[in-house]
Each structure stands twice: as structure tokens, then as C-alpha cells.
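Work through the exercises below with the sequence and the structure at hand. Try each task before reading its solution.

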Amino acid sequence: MNSLEIINSGDKFAHASVGNLHSFDGKLFVKEATGATSCEISFGTLPTGAAVPFFHSHKGNEENYIILTGKGKFQVNDEVFDIAEGSVIRVATNCDRNLKCTSEEPMTYICIQAKEGSLSNYTMTDAEITERENKL
Ligand code: ZN
């Protein structure tokens, strides 16, 4: 089981890492390490043939699953569909969900949960171009 390592932080940021995703094992939630206030992010892995051991549903948060490695199946209530590396799946509130790895390669994924309907401004309706010396 990996752990979440806090790399560095400042007044306006926090940087944590789960390390190498190919050796990552289990499930890790990020919010505590980074102090995120708008969403919870978790990293998860499933070995070949494994599903999450339970279905679950959320009352107020939607979830967005991003599949990083592997292939498998995703179930929302009684609907089942194929997923693979690069898939992004949004799941609404008040429904049951689960996923299973069917590839020889382990499935690695990120799940972001945030309050359903809370996104009002984004990208260029929220961001502005700023002037700053580039030190990269
Ligand atoms: Zn969930």
C-alpha cells in the first residue's frame, strides 16, 4: 500500500504525490494532504479480475472517474459499459456505481468528487491572464 507524500507547500499551494502510478496499490484520498476545499480526489487501483468490493451512491456529490491504465467495465445502476485508458466517466448523484478491471494490466484511476451543480464559472469565464516573471 502506497502512502501520500507531501512534497512541499506554500501560502497558496500544496503539493503531494502518490509516487509511481505503476507500483501504486490500493486507494488513497488526497484532500487531507493538499487541503483542497472544492473537491475530493482519490487514486485507486484494481488488479486483474477485481471490482470495488461494494456498490455505493452519493447524496450530494457527482463523481468523475478518469481511467489512467488498464481496461474494464463500469456499472451505473443496471447499465454496464466498457472503459479503458483515457475514459472519463461522470456519475450523477443518487445511483449505484462500481468498476472492474478485466485487463492483464492493473487498472489505475482517479476519482474526483464535487458538489453536483456547483460549477458555475470555469476556464476563461473564471481565469484571467496575468503578468509575472517566468522563472521556470
Ligand atoms: Zn464515491
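**Exercise 1.** In this predicted model, classify Lys73 by its relative accessibility, then do likewise for its salt-bridge partner.

Solution. Lys73 has a relative accessibility of 38%, so Lys73 counts as partly exposed. Its salt-bridge partner is Asp82, with the closest N and O atoms 2.6 Å apart. Asp82 reaches 60% and therefore counts as exposed, since exposed means over 50%.

**Exercise 2.** Find which parts of the chain the salt bridge between Glu116 and Arg90 ties together.

Solution. Start with the contact: the closest N and O atoms of Glu116 and Arg90 are 3.0 Å apart. Next, place the two residues. Glu116 lies in the segment after strand 10 and Arg90 lies in strand 8, so the bridge ties together parts 26 residues apart in sequence. Finally, look for shared partners: salt bridges join Glu62, Arg90 and Glu116 into one network.

**Exercise 3.** Determine which strands stand at the edges of the sheet.

Solution. Write down the strand order of the open sheet, which is 3-4-10-5-8, with antiparallel pairing. Strand 3 (27-29) and strand 8 (88-91) each have a single partner strand, so one side of each is left without a neighbour in the sheet. Further in, strand 5 (residues 61-69) pairs with strand 10 (residues 107-115) over 8 bridges. In this pairing, Asn61 stands opposite Lys115.

**Exercise 4.** Identify the residues that coordinate the zinc ion and their spacing along the chain.

Solution. The coordinating atoms belong to His56 (NE2), His58 (NE2) and Glu63 (OE), at 1.9 to 2.1 Å. Along the chain, these donors follow the spacing H-x1-H-x4-E. Both His58 and Glu63 are buried.

Note on methods: Residues are numbered from 1 along each chain as its sequence is written. This is a predicted model: local features need pLDDT of at least 70, side-chain atom pairs count only at pLDDT 80 or more; totals for chains, interfaces and linings use all residues. Side-chain values use heavy atoms; hydrogens and water are left out. Donors are N, O and S atoms within 2.8 Å of the metal (3.2 Å for Na, K and Ca); water is not among the atoms, so sites may look incomplete. Buried means under 20% relative accessible area, exposed over 50%, partly exposed in between (1.4 Å probe, protein chains only). Two strands pair if DSSP finds at least two bridges between them. Helices (H or I, at least four residues) and strands (E, at least two) are DSSP runs, numbered from the N terminus. A salt bridge is a side-chain nitrogen of Lys or Arg within 4 Å of a carboxyl oxygen of Asp or Glu.
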